Amino acid sequence: MGQTPAQKAAQAARGQQPKKRPGKAQREAIKRAQAAKKKAGGGKPAAKKAVAKKTVPLPRGSVRAAYPGTCPACFKDYANGEVITKVTDGWGHPGCAPRQMSAAEREFARNKARIESGETFRGQKPSDWRRGASPSSTRPAR
């Protein structure tokens, strides 16, 4: 549907008119409404959630899943964006990953295994002490 030249001119004239600035009372009412909207949490909730996810630090060695998958340790599914970490056969839940031992814990486990296997720390022969006897009585006489 075409417009006549007179209609076009009238429409252009209406669009070119300067807009009236709201009065002081109206400006204050607008500011109060905007402040109330901010306080009530108005706006884009999806954007706030995305910002919150980015600011939360992830545990060391963990990432967010780029796509959904299945944990190879427990065979349960994880969703897109869920925190995952490296497990024995791939990527899965952080709780399913084997816990890394500290250096002190590794040394303790090594020493415990040596004691339980019968090794001595000094590499000496087994003791020749006898129950109820003093060390001097067990040594061969000169």
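Okay, let's start with one residue, Ala65. Leaving aside residues up to four places away in sequence, Ala65 touches Tyr78, Ala79, Asn80, Gly81, Glu82 and Ile84. Keep in mind that what you're looking at is a predicted model.

So where does Ala65 sit? You'll find Ala65 in the loop that runs between strand 1, residues 62–64, and strand 2, residues 69–70. And is Ala65 buried or exposed? Ala65 counts as buried because its relative accessibility is 4%, and the cut-off for buried is under 20%. One more distance for you: from the C-alpha of Ala65 to the C-alpha of Gly92 is 9.2 Å, and those two residues are 27 apart along the chain.

Next up, Thr85. This one belongs to strand 4, which covers residues 83–87. Thr85 has a relative accessible area of 11%, so Thr85 is buried too. Again not counting residues up to four places away in sequence, Thr85 touches Gly61 and Ser62, and on the other side of the numbering Gly90, Trp91, Gly92, His93, Pro94 and Ala97.

Now let's zoom out. The protein chain has five helices and five strands, and along the sequence they come in the order α-α-α-β-β-β-β-β-α-α. How many of the 142 residues count as buried? Just 8% of them, and Ala65 is one that does.

On contacts: take the ones between residues at least 6 apart in sequence, and 8% of those join residues at least 24 apart. As for surface, the protein chain exposes about 13000 Å², with 56% of that supplied by carbon and sulfur atoms.

Notes:
Residues numbered from 1 in each chain as written. Predicted model: local features only at pLDDT ≥ 70, side-chain atom pairs only at ≥ 80, totals over all residues. Heavy atoms only, no water. Helix = DSSP H or I, 4+ residues; strand = E, 2+ residues; numbered from the N terminus. Buried < 20%, exposed > 50% of the residue type's maximum accessible area, 1.4 Å probe, protein only. Contact = heavy atoms within 4.5 Å. Areas by Shrake-Rupley, 256 points an atom, 1.4 Å probe, with all protein chains shown as cover.
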